Amino acid sequence: MLIDVADLEKSYRDRQGTPVPVIKGLSLQVAPGEFVAIRGSSGSGKSTLLNILGCLDRPDNGRYRFDGEDVGSWPERRRAALRNRRIGFVFQAFHLLPFLTVEQNIDLPYTYNRDGRRPPAGHVQELLRLVGLEGMGKRYPGELSGGQEQRVAVARALVLGAELILADEPTGNLDATTAGGVIDLFQRLVEQGKTVLLVTHDPAISARARRQVVIEEGRISSDQKVGQA
Amino acid sequence: MSAARNLSAAVRVVSAMPGRTLLLMLPMIAGTALAMATLAIERGVSRKADEAAESFGLDLVTVRSGSRVIAGVSEEGKMSEEDVKALQQEVRGYKVIIGVRREDKTPVSVGSRSGVYKVFAVTPDWAEVRNFPAERGKFIEQDDLDNNARVCLIGRTVQRELFGDRDPMDQEVSINQVPFQVKGVLVERGASLAEGDRDARLVVPITTFYNRLYKRINLDQIVVQAKARDPVVLADLAKQVSAVLRRQHHIAEDQPEDVTVRTPQMIAETSRTISWTVFYMMLGLSGLCGIVAAVIIVLVAGQAIRARRGEIGIRRAVGATPGDITQQIWVECLIVSLLGGAIGTLIGLGGGWALAHWRQTYFGFNPNDIFHPLDLLGPLFLVVLGSLAGLLPARAATRLDPAEALCPSS
C-alpha cells in the first residue's frame with residue numbers, strides 16, 4: 001500500500017479551548033496508481049485528512065504508514081523531505097508566488113531539495129507541455145487565467161517526480177469546462193502511474209475518479225470502486 | 001547548502017518587492033548616513049582644533065591678559081617683566097619662560113604699498129618656543145635687544161603683499177612710521193582657527209618695540225615652555241603659573257583671575273566649531289534612527305508575514321522546514337539592513353565630503369578625515385540592530401501552521 005492509515009483521530013480546539021473532534025477513528029488504504037475522490041460536506045474532516053496524509057499536520061492518535069514507513073512519527077525535517085520528493089500538492093487557491101515566473105514557480109520544490117538535485121535540461125518545458133502551457137514559462141501568475149494557474153500548480157507538484165498528488169478542491173475556483181480540463185490532466189497522470197487523492201464536494205468531479213470515498217462527521221461512510229466515467 | 005538556497009529565496013523576495021524593501025531600508029539609510037557624516041565632521045573639527053593647539057605649541061602654557069579672550073584679542077596687558085622673573089624663580093618643570101608684547105593693528109608700508117599687520121615684540125628664545133624660526137636671514141639676537149636695533153623679520157604674507165616679487169632682505173620697511181631693516185623672513189605657517197593668518201606678522205626685538213614703537217610697559221603674553229608634552233605636566237604647570245600670578249597681582253582667593261592661562265588642551269577645546277554636545281546629539285539621533293529602523297522591520301516584516309501566509313504555507317508544502325522559513329525571513333531582514341546600511345554609509349561619506357568641501361574652514365578638507373575604518377562600527381551596530389529585529393518576524397513565520405496557512409478561508 002502507498003497509503004495505510006488506521007484508527008486516525010484528530011481534534012482542534014475551539015475559541016474556548018474545548019477540543020472539537022474532526023476525524024474520529026478513520027482507516028483508509030490506497031494502492032499505488034489509484035485515483036481516489038474524497039467527498040463530504042463542509043467540516044466533515046476531508047481537508048484535515050488530506051493535510052495529515054500530506055504530512056502537513058499530525059494525527060492525535062492512530063497510525064500513518066506511507067509506502068510501508070511509519071511517517072506519522074518521523075521528525076519534521078524528514079517529513080519535509082518526504083513532502084519535497086514524493087508528495088505533490090494542488091490547492092483550490094493555487095498558491096503560486098506572484099513575484100516568480102511560471103518556470104520559477106514550477107521550479108520551487110528544487111529550492112528545498114536536500115539531495116542538491118537540479119532540474120534536468122528541458123524538464124520544466126516538458127512539464128509545461130504536459131499541462132498544456134507550452135511557451136508560457138516566462139509569464140507571471142498575474143498574466144494567467146485561473147485554469148492556467150492551476151495547471152502551473154499541477155506542474156509544480158510533479159517537478160520532482162512525486163508519486164502521490166494530493167489535491168484539495170482543485171476545481172473550486174474554476175468554471176465547469178476548465179475544471180474538466182484539470183480532471184483530465186489528473187486522469188492522464190494516473191495513467192502514467194501516479195496516485196491521485198482529490199478532495200471535493202462536487203459529485204460531478206468526484207464521479208470522474210475510479211474510487212469514491214465519502215466522509216461524514218470524521219468517519220468514512222462509504223468507499224466504492226467504480227468503473228471509469 | 002541550506003543557507004545558500006534560503007539566501008537565493010530571500011534575494012528573490014527582496015528584489016521582487018522594491019517598494020516594501022525601500023520602506024524597510026529608509027530609516028536604516030538615514031541612521032547610517034547620519035552616523036558616518038557625524039563621525040567625518042567630528043574628525044575634521046577635531047583635527048582643526050588640534051591644529052589650532054599645535055599652532056601655539058603642544059609644549060606651551062600661554063598666559064594672556066584679561067580673564068577672557070574675545071575673538072583672539074586679549075584685554076589690555078597687565079603682566080610685567082617682574083611677573084616673568086617671579087615665574088622663572090618659582091615655577092618647577094619649565095624649560096623657558098618668555099614675555100611677549102604685541103600690537104595687532106600696526107600700519108606697515110614699503111614705498112607705496114601698505115597694510116595692517118600684527119607686530120610681535122620678542123626675545124631670541126621666541127623662535128624656538130613658538131617654533132617660528134627664520135627661513136631666510138637670521139632671527140632676533142641678543143645684540144639686537146641690547147642695541148635697540150631697528151630690525152625685523154617679516155611673515156610670508158607681509159612679504160608677498162608689500163614686496164611682491166622683490167627680495168625683501170636688508171630692505172627698509174616702515175612700521176608705524178618708524179623705519180626698520182628686514183633681517184629675515186619667517187617660515188610659512190599658514191592659517192589657524194585660533195590665530196588667523198599666521199604669516200601676516202612682523203617680529204621685532206622687544207626692547208626696540210618699547211623704546212621706538214609703543215611705550216608700553218606691560219606684557220601682553222607670557223609663554224611657558226614645558227620640559228615635556230605630557231598633558232598632566234602642562235596642567236600642573238598651568239596651575240603653578242596661575243598661583244604665582246594671583247599672588248603677584250594680589251588677587252584674593254574668591255576673586256576671578258585677571259589673566260587667562262591656557263594649555264594646548266584648552267585651546268583645542270575652545271577652537272572646536274561644533275561642541276561635543278552637538279556631536280553626541282547627532283550620534284544619538286543616528287542611534288534613534290537605528291531603533292526606528294528596528295521597529296519598522298518588526299512591524300512591516302511582521303505585517304508582511306500575515307500577508308504572506310500562503311507563500312509560507314506553500315514553501316512548507318513543497319519541502320521547506322520551519323528552520324528554512326526562519327532563515328529566509330531573517331535573511332530578508334538582514335539583506336534590507338545590510339543594503340540600507342551600505343547605501344547610508346555611502347551617502348554619509350558623500351555628505352561628509354560635501355560638507356568638508358563646502359565649509360573648509362570649519363571641518364577642514366582632508367580626505368583622511370572623511371573615513372576611518374573604525375567608523376564602520378556605527379553602521380555595523382545599526383545593521384546588527386536591524387538584523388536582530390528581523391528575528392522576531394522570522395520566529396513568527398516559523399510558528400505559522402502550514403495546514404492552516406493553506407486553508408482556502410485563511
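Select helix 6 (residues 176–191) of chain A, which lies across strand 3, strand 6 and strand 7 of chain A and runs at about 150° to strand 7 of chain A. Angles here run from 0 to 180 degrees between N-to-C directions, and axes are lines fitted to C-alpha atoms, for helices over the stretch in contact. Helices (H or I, at least four residues) and strands (E, at least two) are DSSP runs, numbered from the N terminus. What is on display is a predicted model, in which local features need pLDDT of at least 70 and side-chain atom pairs count only at pLDDT 80 or more, while totals for chains, interfaces and linings use all residues. Residues are numbered from 1 along each chain as its sequence is written, and chains are lettered from A and ligands numbered from 1 in the order in which they are written.

**The partner of helix 6**

Keep helix 6 of chain A and add helix 5 (residues 146–158) of chain A, which packs against helix 6 at an angle of about 15°, with the axes 9 Å apart. The two helices are therefore roughly parallel to each other, a term used for angles under 35 degrees, whereas over 145 counts as roughly antiparallel, 65 to 115 as roughly perpendicular and the rest as oblique. Their crossing is right-handed, which means that the near helix is turned clockwise from the far one by less than a right angle, anticlockwise being left-handed. Helix 5 of chain A brings A:Gly146, A:Gly147, A:Gln150, A:Arg151 and A:Val154 to the contact, and helix 6 of chain A brings A:Thr178, A:Gly181, A:Val182 and A:Leu185; two residues are in contact if their C-beta atoms, placed from the backbone, lie within 7 Å.

**The sheet of chain A**

Next, show the strands beneath a new selection: an open sheet of six strands in chain A has the order 5-6-7-3-8-9, with mixed pairing, where two strands pair if DSSP finds at least two bridges between them. Strand 5 and strand 9 (219–225) of chain A stand at the edges with a single partner strand each, so one side of each has no neighbour in the sheet. On average, neighbouring strands of this sheet are turned by 15° against each other, direction ignored. Helix 1 (residues 46–53) of chain A also packs on the sheet, where it touches strand 3 (35–39), strand 6, strand 7 (195–200) and strand 8 (211–216) of chain A.

Now zoom in on strand 5 of chain A, which pairs with strand 6 (residues 164–168) of chain A in the parallel sense over five bridges. Along this pairing, A:Ile87 stands opposite A:Leu164, and A:Gly88 stands opposite A:Ile165. Five of the five residues of strand 5 of chain A are buried, so the strand is largely enclosed by the rest of the structure. A residue is buried if 20 or more other C-beta atoms lie within 10 Å of its own, exposed if 12 or fewer, and partly exposed in between. One side of the strand carries A:Ile87, A:Phe89 and A:Phe91, the other carries A:Gly88 and A:Val90, and all are buried.

**Where the chains meet**

Bring chain B into view and select the contact between the chains, which takes 25 residues from chain A and 23 residues from chain B. On the side of chain A that touches chain B, helix 2 (76–86), strand 5 (87–91) and helix 3 (102–111) of chain A each give two or more residues. Helix 2 of chain A supplies the largest share of that side, six residues.

**Into chain B**

Select helix 10 (residues 276–307) and helix 15 (residues 377–389) of chain B, whose axes come within 8 Å and cross at roughly 20°. These helices of chain B are therefore roughly parallel to each other, and their crossing is right-handed. Among the residues that meet here are B:Gly290 and B:Ala294 in helix 10 of chain B and B:Leu382 and B:Gly386 in helix 15 of chain B.

Move on to helix 11 (residues 309–317) of chain B, which is mostly covered, with seven of its nine residues buried, including B:Ile312, B:Ile314 and B:Arg316. B:Gly319, which follows helix 11 of chain B, has a positive phi, near 125°.

Finish at B:Gly137, which lies in strand 6 (residues 134–137) of chain B and is partly exposed, with 16 other C-beta atoms within 10 Å. Leaving out residues up to four places away in sequence, B:Gly137 touches B:Leu153, B:Met169, B:Lys183, B:Gly184 and B:Val185.
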